[in-house]
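This report examines a single protein chain, moving from individual residues to the overall fold. The sequence and the three-dimensional structure are shown below.

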Amino acid sequence: MITLRQLRFLTALADELNFSRAAEACFVTQPTLSAGLKELEQTLGVQLAERSKRHVLLTPIGAEITERARRLLLDAREIEDLAAAHTSPEEGELRLGAIPTLGPFLIPRALPAIRTAYPKLRLYLREEMTESLLDGLTTGRLDVVLIAQPFDIGAVESEALFDDGYHLASPPGWDAPAANTPVSGAELEGARLMLLEHGHCLQRHALRAFPDRDIQQDDSFSATSLPTLISMVSEGLGITLLPDLAIDAGVLAGQKVNIAPLPDACPRRVILAWRPTSARKPVFRALAQIFRDTRESLRQQRAA
């Protein structure tokens, strides 16, 4: 009979395509992992991987079995989570993922409230792109994720936290209305914005902020992070849209950048998402409220 341990060995090998690294990921020796996989192949009667001195390649049937193994391992983990949640739902590890344009500005400020509410919860944080976060949620690598819509989130359960609007960020002396004077979408007709590189959902969201206007990305520049993008604006290289959350969290501190509200821009919607089968839904909903309260606190602090 196949075992969960053998299936863990298989999925680790599929992830690493290297016996040594797969063994390290499973905290076993390489001979132990190799023996476990050989036993699995003998039990199933099929070859799962092709081995050579240089390469490891899953066979077609090996790849198909690996995907089913991932689902079985996720179901097994959720059985464990269900039992743990029944006795101690507010304890243990919680793996939270967030996109880079949300995590640094919201999570650190929410942590004190989270620790007060759940002192025995061990929170592990990951910053990744939206596609990677949703994949991690589906495969069980992550428990809950902080992302922004519009974005197709698939078959996950979610709770809306808040809408995050935008400000126009421009360098000093740029031909624009005075700082903090609202700017309409009509005034940005034909504008070319400096944005984050492709793959960041904020890049797509910014271009959709005024769907009825001809606003495009300046393809001569792209940035890997908001601080880099802001520095480019500060140096007079162009203009961009910045999320209100980042501004309220102090991302412009020390930067020579003018900002102006964009009251008619379509905001992005920040959500917290988790698997529908998760046993920790009450904890996730409580975290959602903490994030809402944290966002409101940041807004009030900036307005004061």
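## His167 and its surroundings

In this predicted model, His167 has a relative accessible area of 10%. His167 is therefore classed as buried, the cut-off being under 20%. The residue belongs to strand E7, which comprises residues 166-170.

The side chain of His167 forms a polar contact, at 2.7 Å, with the side chain of Asp244. When residues up to four places away in sequence are left out, His167 touches Asp244 together with Thr240, Leu241, Leu242 and Ile247. The list of residues touched by His167 also includes Ile259, Ala260, Pro261, Leu262 and Arg302.

## Nonpolar cores

The largest nonpolar core contains 74 residues. Within this core, the residues that touch the most other members are Leu146, Leu262, Leu272, Leu287 and Phe291. Helix H10 (residues 281-303) contributes the most to the core, with 7 residues. Apart from this core lies another, of 19 residues, which includes Leu33, Leu40, Ile65 and Ala69.

Leu262, one of the residues touching the most other members of the largest core, is also a contact partner of His167. Not counting residues up to four places away in sequence, Leu262 touches Tyr166, His167 and Leu168. Its other partners under that condition are Val183, Leu188, Phe210 and Leu241.

## Ile215

Ile215 is situated in the loop that connects helix H7 (201-207) and strand E9 (216-217). Is this loop residue buried or exposed? Ile215 is buried, because its relative accessible area is 10% and the limit for that class is under 20%.

With neighbours within four places in sequence set aside, the contacts of Ile215 are Leu188, Ala191, Leu193, Leu207 and Phe210. Leu188 and Phe210 also appear among the residues touched by Leu262. From Leu48, Ile215 is separated by 167 residues in sequence and by 51 Å in space, C-alpha to C-alpha.

## Helix H2 and its flanking residues

Helix H2 spans residues 19-26, and its residues Phe19, Ala22 and Ala23 are buried. These residues lie on the same side of H2, because they cover an arc of only 100° around the axis. The elements covering the buried residues of H2 include helix H1 (4-16) and helix H3 (30-44), as well as strand E1 (49-51) and strand E2 (56-58). At the start of H2, a side-chain oxygen of Asn18 comes to within 3.0 Å of the backbone nitrogen of Ser20.

Leu17 is placed in the loop between H1 and H2, and Phe27 in the loop between H2 and H3. Leu17, which is not a glycine, has a positive phi near 50°. Phe27, just after H2, likewise has a positive phi, of about 60°, without being a glycine. Most residues other than glycine have a negative phi. Leu17 counts as partly exposed at 40% relative accessibility, whereas Phe27 counts as exposed at 78%.

## A cis peptide bond

Which configuration does the peptide bond from Gln149 to Pro150 adopt? The bond is cis, with omega near 15°. Most peptide bonds are trans. Pro150 is located in the loop between strand E5 (144-149) and strand E6 (157-164).

## The second largest pocket

The second largest pocket has a volume of about 290 Å³ and a lining of 16 residues. Arg71, Leu74, Thr138, Thr139 and Arg275 are the lining residues nearest its centre.

Two elements give two or more residues to this lining, namely helix H4 (60-87) and helix H6 (130-139). The largest share comes from H4, with 6 residues.

## The chain as a whole

The secondary structure of the protein chain consists of 10 helices and 12 strands. Along its principal axes, the C-alpha trace spans about 75 × 45 × 35 Å. Of the 304 residues in the chain, 45% count as buried.

How are contacts distributed along the sequence? Among contacts between residues at least 6 apart in sequence, 75% join residues at least 24 apart.

Terms used: Residues are numbered from 1 along each chain as its sequence is written. This is a predicted model: local features need pLDDT of at least 70, side-chain atom pairs count only at pLDDT 80 or more; totals for chains, interfaces and linings use all residues. Side-chain values use heavy atoms; hydrogens and water are left out. Buried means under 20% relative accessible area, exposed over 50%, partly exposed in between (1.4 Å probe, protein chains only). Helices (H or I, at least four residues) and strands (E, at least two) are DSSP runs, numbered from the N terminus. The arc is that of the directions from the helix axis to the C-beta atoms. Contact means heavy atoms within 4.5 Å. A polar contact is a pair of N or O atoms within 3.5 Å; within protein, one must be able to donate a hydrogen and the other to accept it, and residues adjacent in sequence count only if both atoms are side-chain atoms. A nonpolar core is a set of buried Ala, Val, Leu, Ile, Met, Phe, Trp, Tyr and Cys residues joined through side-chain atoms within 4.5 Å. On a 1 Å grid over the protein atoms alone, a cavity is a set of points where a 1.4 Å probe fits but cannot get out, and a pocket is an open set with protein on both sides within 12 Å along at least five of seven lines; lining residues have an atom within 4 Å of a point. Grid points are joined across faces, edges and corners, and a volume is the space filled by probe spheres set on the points.
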